[in-house]
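Please read the following walk through one protein chain with the sequence and the structure side by side. The text moves from an open space in the fold to single residues and the pairs they form.

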Amino acid sequence: MKLEYSGQEKVQADPEKVWSFIQDPQKVASCLPDLKSVEIKDDKNMVATVGVAVGPVRGSFKFNIELDPRPEENKVMVRIRGGGLGSAVDLTASADILGQEDQTTLLDWQGQATVSGPAATVGGRVLDAQAKRLIETVFANMGKKMSEA
């Protein structure tokens, strides 16, 4: 099952603060909902275990996450691969990081995911709603943490 998303998140921080945040895998990992554990491999790669509930499918999923900040393009790329409970997830996402005149930053993001296994069989609308909530929660958490820093 293929899913596509896009949206915008306004962050109460200037672009320099946003770049500093997204280039720190530990800070980015702290924005994942239901994070159970994280192992930072290097400055761009981590392995995260998160709690997942999609309809009747509940449990822990393990994801390899690669962050690819591209300051010269005002963009960050993210690749997430992994899964659990017999399901697999392959997600690619990017966000354009756009400084605003009021010293805030707009994250203009888009992503595509492919899901297979039991998580994909619970029905498109349930999975779609959960994935959208997950993405929105990550960006909202990032915005909150960047504003506090």
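**From the pocket to the loops**

The largest pocket has a volume of about 900 Å³, a value that, like every other one here, is computed from a predicted model. The elements that each contribute two or more residues to the lining of this pocket are β3 (45-54), β4 (57-70), β5 (75-84), β6, β7 (105-116) and α4 (124-148). Of these, α4 gives the most to the lining, with nine residues. In total 41 residues line the pocket, and those lying nearest its centre are Ile80, Leu91, Leu134, Ile135 and Val138. Sorted by class, the lining consists of 35 nonpolar, four polar and two charged residues. As for how such a space is found at all, rolling a probe the size of a water molecule over the atoms shows where empty space is left.

Strand β6, one of the elements in that lining, spans residues 87-99 and contains Ser94. Is Ser94 buried or exposed? Its relative accessible area is 10%, and because a residue counts as buried under 20%, Ser94 is classed as buried. Setting aside the neighbours within four places in sequence, Ser94 is in contact with Lys75, Val76 and Met77, and also with Asp108, Trp109 and Gln110. With Gln110 there is also a polar contact of 2.7 Å, which joins the two side chains.

A second place to look is strand β1 (residues 2-11), where Lys10 is found. Lys10 counts as partly exposed, at 44% relative accessibility. Although Lys10 and Ala140 are 130 residues apart in sequence, their C-alpha atoms are 8.9 Å apart in space. Not counting residues up to four places away in sequence, Lys10 touches Asp102, Thr104, Thr105 and Leu106.

What does Lys10 form with Asp102? The two residues form a salt bridge, with 3.1 Å between the closest N and O atoms. This pair links distant parts of the chain, since Asp102 sits in the loop between β6 and β7 while Lys10 belongs to strand β1, 92 residues apart. Asp102 is partly exposed, with a relative accessible area of 45%, and Lys10 is likewise partly exposed at 44%. As a general matter, side chains of opposite charge can pair when their charged atoms come close.

The count of salt bridges in the model comes to seven. Another of them joins Lys41 to Glu39, where the closest N and O atoms are 3.0 Å apart; Glu39 is partly exposed, with a relative accessible area of 42%. The side chains of Asp68 and Arg70 also meet in a salt bridge, at 2.8 Å from N to O. Here Asp68 counts as buried, at 18% relative accessibility, whereas Arg70 is partly exposed, with a relative accessible area of 25%. Asp68 and Arg70 are, together with Lys44, linked in a network of salt bridges.

The loop between β6 and β7, already met through Asp102, also holds Thr104. At 4% relative accessibility Thr104 counts as buried, while Asp102 is partly exposed. The side chains of these two residues, Thr104 and Asp102, make a polar contact of 2.5 Å. Leaving aside neighbours within four places in sequence, Thr104 is in contact with Lys10, Val11, Gln12, Ala13 and Pro15, and with Leu98 and Gly99 as well.

Gln103 is found in the loop between β6 and β7 too, and at 54% relative accessibility Gln103 counts as exposed. What is the phi of Gln103? It is positive, at about 65°, although Gln103 is not a glycine. For context, most residues other than glycine have a negative phi. Leu85 likewise has a positive phi, of about 55°, without being a glycine. The place of Leu85 is in the loop between β5 and β6, where Leu85 counts as partly exposed at 44% relative accessibility.

Technical notes: Residues numbered from 1 in each chain as written. Predicted model: local features only at pLDDT ≥ 70, side-chain atom pairs only at ≥ 80, totals over all residues. Heavy atoms only, no water. Helix = DSSP H or I, 4+ residues; strand = E, 2+ residues; numbered from the N terminus. Buried < 20%, exposed > 50% of the residue type's maximum accessible area, 1.4 Å probe, protein only. Polar contact = N/O pair within 3.5 Å; in protein donor to acceptor, adjacent residues only side chain to side chain. Contact = heavy atoms within 4.5 Å. 1 Å grid on protein atoms, 1.4 Å probe; cavity = no way out; pocket = protein on both sides within 12 Å on 5 of 7 lines; lining within 4 Å. Points joined across faces, edges and corners; volume = space filled by probe spheres on them. Nonpolar A, V, L, I, M, F, W, Y, C, P; charged D, E, K, R; others polar. Salt bridge = Lys/Arg side-chain N within 4 Å of Asp/Glu carboxyl O.
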